[in-house]
Amino acid sequence: MPRKVAIVSVAQIGGADSKENFYDQAYRVVKEALDKAGISREKVGCVVTAASDIFHGGISCANAYHWDPAGAVLRNGSRQDAESLFALVYGAMRIMSGHYDTALVVGLCKGSENPENDTCTLMFSDPFYFRPLGLNETMAAALQMRLFMDHYGITREQCAKVAVKNLRNALGNPYAHRKGIYSAEEILASRPVVEPLTELECAPKSEGMAALVLASEEMARKLTDRPVWIEGFGTSLDAYWIGDRDLLQGQLTNAAKRAYEMAGITAPSEQIHLAEITEPYAFQELLWYEQLGFCGPGQGGKLIDQGVTEKGGLLPVNPSGGTLAWNPYVSRGLHRAIEAFLQIREEAGERQVHREVKTALVHGTHGFAGQCHTVVILGS
Amino acid sequence: MARAVAVVGVGQTHHGRRMDVSYPDLVREAVVRVFEDTGLSPKDVDGVVSGTMPSMMEGVALTHLYFAEAMQAVGKPILKTETCGSTGVSIAHTAFYWVASGMAEVVLAVGHEKMYEGDSQATMTTVLDPFYQRYFLAGAPGVFSMQSQLWATRYKIPQDKIRDAAAFISVTHHQSAFDNPYAHIKMKVTMEDVKNSRIIVYPIRLLDVCPNSDGACAVIFASEKVAKRLGRKVAWVKGVGYRGDEQFFGDSDKVVWQSAIEAAKQAYDQAGIKDPLKELDVAEVYNPFTYQEMIFYECFGFCEFGKAPDLVLRGIFSREGELPVCPSGGVLCTNPIGATGLIRVAEAAMQVTGRAGEHQVPGAKLALAHAMGGIDQFNGVMILGSEL
């Protein structure tokens, strides 16, 4: 039986930009997370960071640059690329292995010093076939959205409702920088980006730094009265060429299945009380509902129509405002985990949902049309 | 008690200037070979760890996305580990902890780099911070040159002696590469050739420096249960260690180099190694520069500080010596960076399982694998042994 692992403390910062430099921001969140856990960096077993070179303001080998403020100097450690929830999973597995009792997990993304999101995502394209076409994440998402609407009869209004919900939820989130009360018509009337996607249906570019202290069961009970347990996790990678994939039946199903099995979840829409999912494009939230098993195939539009995923609904999704409101590309997965942690501990302030949250789902994705997914289940 | 983990098989590409294959096909070549070596198939794999140098090296970001098919990773759990030059050993560490955690029985680790597609020294320069250090620490040789001079000065080692010892290392490794079917640079080199080769950054000359290589390496890590079921000799992971120093080059000592010392110590403590020179049978040290290799000998406790050149010239680290280092020809002859650390792990595993062929160290039972990265900043170590 693997060891249980808990999150014992969290810290984060966000926004669109700031006058603080990278080092000061990173230092601040790491110090805050360590102080909240009451543990010094010298006592932390290992450090796992997450950052991407191409998003990193012109610096290669992100870990070389951020090792100092991440509190990792002369500590055992490693770095995950692309998806910060990879770092959470890897940190948890290091503790599960019995080699460490604690792990500091840090995600770093200073979006204000980075190029536009799609300048970066164009670099995911293979240089010979895709890149000359200009295929980037938004273009791939637009193809996926068109297929989604055509195949299931999902309407543009239903997709826009995700942005309506999330940008309204974001009003309570001090880290979110795109927020407000919009109607579906206003969302659809915002600037066209790649048909049929409009500007407010596409996530912005943001800053975000996140730090979490993980601990084994024994250590967690020493460090906090209210540990939040990592009950399950799963990742899955899809084929690269988008023409080779069924864009409506992606690997999120597999990633979720792995996390559900580990957490003993058989009826996700009943056993999960809150979800923080990564929806860089509004319609994707509806598609992810289906692949997470919150509803049947093609039923995502109905779920939003019924208000189930509203902040006051039975299964609130993205009460933080999600990625549409605040999108530090690499660290965004860890911010989802932090929000779920706060909701479970009833520390989410204005964003606190009305229902009791014992079990929460956290999701991260990157790559064209959701090529890679990570799902983590947190519980009280 | 933590779960035991073994390296059950390895696959390498023929490293070199591989204009005959695309980048994904290069990866595929290594992955196909690890399945041939182990008799396992992709359906046996519970997870895949991918890693490379930064995106700028070949102009493709998040390469695990691009190599999904080549790594046989479609539908598999995935992690993407990158720690600069130490990536290869960090990939191995990730696979090790994954199996040790009980979350997988079999993990495929894949490291890769196609350096002829890009400009490696331009990329290395961007590892430095853009404001203070990038302008004067261009590329890797500048950093290693300063480090070697600091070392020679600190211990008052005459320039002639470090020159001779470094040339001796170059000759030895270039000779060994002839016995490694996968090595990139295979050329006969004499002491005079090294000393007369073109200067890169004093005291480093062309034959003191590794090449750019295209290459990939795949290694399968497995639990004790699977390892025993395979019914073949496997290499057990006896210890892992990793440390990183500060980013700014002047902030930490690169001679009595704490990240190297502590990474090795962590791994030795786990493996119960007290006298590495005596107990280790072979070491695959990450040696892109001849001079730096000697600093690693000292930091890893193979000899006292300042004494490595004497031991090198006495042949202690040669193929027939007390502790053969890099019988594969090492990084000096083959350096596809994202794969390089994993190749060290693969070579160490081949040695302790008696499968190293022409460059086998007879009777090797305990081996060290190492990789270094960043601005002389990161060191990762893995100890592999023939016995559980």
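**Group meeting talk: two chains, their contact and a few strands**

Hi everyone, let's start with chain A, which is divided into domain 1 (5-114 + 205-223) and domain 2 (116-203 + 231-380); those bounds come from an automatic or database domain assignment. Before I go on, this is a predicted model, where local features need pLDDT of at least 70, side-chain atom pairs count only at pLDDT 80 or more, and totals for chains, interfaces and linings use all residues. For bookkeeping, residues are numbered from 1 along each chain as its sequence is written, while chains are lettered from A and ligands numbered from 1 in the order in which they are written.

Back to the two domains of chain A. Taken over C-alpha atoms, the centres of domain 1 and domain 2 of chain A are 23 Å apart. Their contact involves 33 residues from domain 1 of chain A and 27 residues from domain 2 of chain A, where two residues are in contact if their C-beta atoms, placed from the backbone, lie within 7 Å. On the domain 1 side, the elements giving two or more residues are β1 (5-13), α3 (84-96), β4 (102-110) and β7 (207-216) of chain A. A word on those labels: helices (H or I, at least four residues) and strands (E, at least two) are DSSP runs, numbered from the N terminus. The largest share of that side, 6 residues, comes from α3(A). By class, the side of domain 1 of chain A that touches domain 2 has 20 nonpolar, 10 polar and 3 charged residues. Here Ala, Val, Leu, Ile, Met, Phe, Trp, Tyr, Cys and Pro count as nonpolar, Asp, Glu, Lys and Arg as charged, and the others, Gly among them, as polar.

While we are in chain A, let me point at one residue. A:Leu188 sits in helix α7 (residues 184-189) of chain A. Is A:Leu188 buried or partly exposed? A:Leu188 counts as partly exposed because it has 18 C-beta neighbours inside 10 Å. The cut-offs are these: a residue is buried if 20 or more other C-beta atoms lie within 10 Å of its own, exposed if 12 or fewer, and partly exposed in between, with C-beta atoms placed from the backbone. Leaving aside neighbours within four places in sequence, A:Leu188 is in contact with A:Arg156, A:Ala160 and A:Thr198.

Now, how do the chains meet? Chain B gives 52 residues to the contact and chain A gives 49 residues. On the side of chain B, α2 (63-66), β3 (78-80), α3 (87-100), β8 (235-244) and α9 (258-271) each supply at least two residues. Here α3(B) makes the largest share, 6 residues. The residues of the side of chain B that touches chain A divide into 23 nonpolar, 20 polar and 9 charged.

Next, chain B as a whole. It holds 14 helices and 11 strands. For 388 residues, a compact globule would have a radius of gyration near 21 Å, and the 19 Å of chain B agrees with that; the radius is taken over C-alpha atoms, and the globule rule is 2.2 Å times the number of residues to the power 0.38. Buried residues make up 65% of the 388 residues in chain B. As for confidence, the mean pLDDT of chain B is 96, and 99% of its residues reach 70 or more; pLDDT is the predictor's confidence in each residue, from 0 to 100. The model scores ipTM 0.98 and pTM 0.98.

Let me finish with two strands of chain B. In strand β10 (residues 366-373) of chain B, 8 of its 8 residues are buried. β10(B) pairs with strand β9 (residues 282-284) of chain B in the parallel sense over 3 bridges, where two strands pair if DSSP finds at least two bridges between them. B:Leu368 in β10(B) is the bridge partner of B:Ala283. With strand β11 (residues 378-385) of chain B, β10(B) pairs in the antiparallel sense over 8 bridges. The hairpin of β10(B) and β11(B) has 4 residues between the strands, and B:Gly374 there takes a positive phi near 70°.

The other strand is β4 (residues 106-114) of chain B, with 9 of its 9 residues buried. Strand β2 (residues 47-51) of chain B pairs with β4(B) in the parallel sense over 5 bridges. β4(B) and strand β7 (residues 214-223) of chain B run antiparallel, joined by 9 bridges, and B:Asp214 in β7(B) is the bridge partner of B:Lys114. Thanks, everyone!
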